[in-house]
Structures are given as C-alpha cells and as structure tokens.
Amino acid sequence: MLMKEYRICMPLTVEEYRIGQLYMISKHSHEQSERGEGVEVVQNEPYDDPNYGSGQFTEKRIYLNNKLPSWARAVVPKIFYVTEKAWNYYPYTITEYTCSFLPKFSIHIETKYEDNKGVNDHIFDTELRDEETEVCIVDIAYDEIPERYYKESEDPRQFKSQKTSRGMLKEGWRDTQDPIMCSYKLVTVKFEVWGLQTRVEQFVHKVVRDVLLLGHRQAFAWVDEWIDMTMEEVREYERATQEATNKKLGTFPPAIAISETPLPACARSGPSSAPSTPLSTEAPDFLSVPKDRPRKKSAPETLTLPDPARRDSAFRLPSLFSWGSSSPQPE
C-alpha cells in the first residue's frame with residue numbers, strides 16, 4: 001500500500017469549484033468516449049447517509065481494452081474495465097476504483113475542499129493519514145504536463161477568463177490570487193502482488209498525479225462555460241451528457257449483454273464521494289508498442305481460460321504478468 005496526499009489549488013471558491021468539477025467530469029468523459037471505449041455511467045442518484053447527510057452516489061465503468069497493444073489484449077479479457085464508485089457529500093468526498101481484471105488492485109481517494117492556498121496540514125484525521133505521508137503540491141500552471149495532453153487554450157499561463165477576469169497565472173500565483181481554494185486528496189494505491197507491488201503502486205501514483213493535473217487545468221480553462229450555471233443546471237447538463245455518452249459508446253461490450261441489478265444498500269453506504277477526476281482511457285506509456293519496431297501479428301486475439309473444474313489445468317501467463325500460482329504475501 002502506498003499513500004500520498006495531493007494538494008491542488010485553484011483560482012476559484014469552494015462553491016464555484018463544486019459546479020466546475022461536475023461540468024469538467026461530464027464534458028471530459030464525453031470527449032474521451034468512443035464506441036466500445038470510454039466511460040459508461042451505470043448509476044447516478046441521490047443518496048442519504050446517516051453520518052454525512054444528503055449526497056449523490058455514482059457508479060461508472062471505464063473501458064480500456066481497445067487502448068492496449070495487441071500483445072496485452074492477448075492476455076486481458078475482452079470485458080476489461082475499471083469501476084469507479086463515488087459518494088459525494090460536498091465538501092467531503094470519497095472515490096474508489098477497482099479493476100475487473102486485477103482483483104488485488106484498488107485506488108481509494110479521500111477528498112476535502114477548503115478556501116485556502118493548501119496550508120492545512122491537519123485536514124485529514126490522523127488515523128487516515130500517517131504523519132510520514134508524502135505531501136505533493138500540484139501546480140496547475142507550472143507543473144509539466146505530458147506533451148500529448150497540452151493545449152494552449154487550456155494553459156492557465158495563457159488563458160484569461162472573459163467572465164471572471166481570472167487567468168494568465170504568473171509565477172507564485174498561489175500567494176497573490178484571490179479567490180483561491182484547495183482540493184486536498186488523500187490517495188491510497190494497493191496492488192498486493194508479490195514482486196510487482198512497489199513498482200506498480202509508484203507508477204499508478206504518477207498516473208494519478210497527471211490525471212489530477214489535467215482535470216484541474218481543464219476545469220479552470222472551461223470556467224466561462226460553467227461559471228453562470230446553478231446546481232440544478234449542471235445536474236441537468238450532467239444527465240444529458242451521460243445519456244449522450246452512453247449512446248456514443250454503444251452496447252457494452254460488443255456482442256455481450258450485461259444485465260444490471262441495483263446495488264445492495266451495503267455497497268452504497270460507505271463514506272461519501274464526488275465523481276473524481278476521470279481516469280485517462282489512453283494506454284500508459286509502458287504499454288505502448290515502440291513506433292520504430294514493427295508490430296508482431298502472432299499474438300492470439302482471444303484468451304482461452306482453463307476449466308476451473310479440472311484441478312490439473314496448467315495455465316501460465318507470459319512472464320511479464322507471471323506472479324506464480326501460489327499466493328505469497330505482498331511486499
């Protein structure tokens with residue numbers, strides 16, 4: 001398990017950010033979705049918690065299979081998705097990610113929002129956050145972003161809002177900006193597989209940081225699109241966008257029908273969370289096939305799993321995914 005605390009400041013108030021976050025997530029998910037790929041909204045409904053009061057529960061499936069190179073698709077099931085469950089009791093939220101293909105992998109995000117520049121060192125309960133937890137400051141204007149995601153129109157150093165006159169953030173902007181708020185995120189990554197745990201958890205945190213950076217840059221760059229919206233209007237935009245996104249994605253997955261059943265109460269009664277910044281549906285760099293090397297066409301298109309009823313079944317994944325048939329303790 002690897003835990004880090006991220007602090008992302010924004011030139012907004014906490015109340016403004018509530019609208020902007022919902023708008024950004026809906027728009028981003030729709031833009032990233034293609035037929036058979038992207039974000040499917042399974043549930044999005046009000047929910048009452050005895051401890052936190054009224055909130056919103058969402059469940060999404062983020063489909064990734066077609067983003068993988070051919071050799072990876074050979075060992076990954078066709079029905080491959082990340083599940084996001086989120087409980088939103090703003091300004092306190094929790095989001096959980098699990099993977100259909102990796103049962104020992106999970107991401108847990110506790111989020112709190114305050115109108116300050118990220119100076120609250122005790123915002124999380126001590127039982128949630130270890131005193132030695134690394135604190136990572138994410139600067140939406142001056143932290144480097146992967147080149148493939150860069151857009152000048154979404155660069156806070158170049159963008160200036162017509163409606164709020166905020167923008168073109170200068171060096172040291174967090175010390176002079178008014179208004180300013182901070183999104184505090186306590187992120188716990190677990191990948192309990194012996195021999196791979198440390199490397200994978202560190203890699204996932206790098207991806208999480210990039211996703212947080214991109215999402216918050218977009219939320220600010222699109223401020224003129226959502227700043228005049230009410231909560232009712234952004235919820236209606238969210239609903240309409242979700243319908244369009246699910247229609248755009250088509251049947252999930254192709255040629256396989258999945259019947260949905262309501263979540264049991266216990267599945268939705270955990271700590272609350274807002275829909276968090278969506279995961280990128282692009283394949284990570286380490287999964288990409290080098291451009292200067294021809295693609296191999298020998299990988300099988302499908303994977304035949306052994307019959308679980310046969311105890312003598314012998315199945316071996318390629319060495320990259322091999323962690324043995326036994327279950328040794330994680331690092």
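Accessible areas here come from the Shrake-Rupley method with a 1.4 Å probe. By that reckoning the chain of this predicted model exposes about 17800 Å², of which carbon and sulfur atoms supply 51%. Of the 331 residues of the chain, 47% count as buried, and the chain has 7 helices and 8 strands. Among the contacts in the chain with a separation of 6 or more, 75% are accounted for by residues 24 or more positions apart.

Before turning to details, it helps to see where the model can be read. The chain averages a pLDDT of 77, and 68% of the residues score at least 70. Over residues 251–306 the pLDDT stays under 50, although the model has 122 contacts beyond four places in sequence for this stretch. Residues 310–331 likewise have a pLDDT below 50, with 28 contacts in the model beyond near neighbours in sequence. Where pLDDT is low, the predicted coordinates should not be read in detail.

The sheet offers a convenient frame for the rest. Its 8 strands form an open sheet with mixed pairing, in the order β2-β3-β4-β5-β6-β8-β1-β7. The edge strands, each of which pairs on one side only, are β2 (residues 38–49) and β7, and from one strand to the next the twist averages 15 degrees. At the β2 end, β2 and β3 form a hairpin with 3 residues between them; these two strands pair in the antiparallel sense over 11 bridges, and Asp49 stands opposite Gly53 in β3. Further along the order, β6 and β8 also pair in the antiparallel sense, over 10 bridges, with Lys190 in β8 as the bridge partner of Ser106.

Two helices can be placed against these strands. Helix α1 packs on the sheet, where it touches β1, β2, β3 (residues 53–63), β6 and β8, and its direction makes about 145 degrees with that of β6. Helix α4, in turn, lies across β1, β6, β7 and β8 and runs at about 15 degrees to β1.

What does the largest nonpolar core draw on? It holds 57 residues, of which Tyr6, Met10, Ile107 and Trp226 touch the most other members. At least two residues of this core come from each of β1 (2–10), α1 (14–32), β5 (92–99), β6 (105–114), β7 (134–138), β8 (181–191), α4 and α5 (223–226), and α4 gives the most, with 8 residues. Met10 can serve as an example of the surroundings of one such member: leaving aside its neighbours within four places in sequence, Met10 is in contact with Tyr17, Ile140, Trp173, Pro179, Ile180, Met181, His216, Ala219 and Phe220.

A polar residue of α4 deserves a separate look. Is His205, which lies in helix α4 (residues 197–221), buried or exposed? With a relative accessible area of 1%, His205 falls under the 20% cut-off and is therefore buried. Beyond its neighbours within four places in sequence, His205 is in contact with Leu2, Met3, Lys4, Tyr6, Val187 and Val189. Tyr6, one of these contacts, is also among the core residues that touch the most other members.

The loops hold several features of backbone geometry. Most residues other than glycine have a negative phi, and most peptide bonds are trans. Against that background, the peptide bond from Tyr90 to Pro91 is cis, with omega near 10 degrees, and Pro91 is found in the loop between β4 (81–89) and β5. A second cis peptide bond runs from Asp178 to Pro179, with omega near 5 degrees; Pro179 has its place in the loop between α3 (173–176) and β8 and is one of the contacts of Met10.

The loop between β7 and α3 contains Ser165 and also Met168. Ser165 has a positive phi of about 65 degrees although it is not a glycine, and Met168, again not a glycine, has a positive phi of about 50 degrees. As for accessibility, Met168 counts as partly exposed because its relative accessibility is 35%, a value in between the cut-offs of 20% for buried and 50% for exposed.

Notes:
Residues are numbered from 1 along each chain as its sequence is written. This is a predicted model: local features need pLDDT of at least 70, side-chain atom pairs count only at pLDDT 80 or more; totals for chains, interfaces and linings use all residues. Side-chain values use heavy atoms; hydrogens and water are left out. Buried means under 20% relative accessible area, exposed over 50%, partly exposed in between (1.4 Å probe, protein chains only). Contact means heavy atoms within 4.5 Å. A nonpolar core is a set of buried Ala, Val, Leu, Ile, Met, Phe, Trp, Tyr and Cys residues joined through side-chain atoms within 4.5 Å. Helices (H or I, at least four residues) and strands (E, at least two) are DSSP runs, numbered from the N terminus. Two strands pair if DSSP finds at least two bridges between them. Axes are lines fitted to C-alpha atoms, for helices over the stretch in contact, and angles run from 0 to 180 degrees between N-to-C directions. pLDDT is the predictor's confidence in each residue, from 0 to 100.
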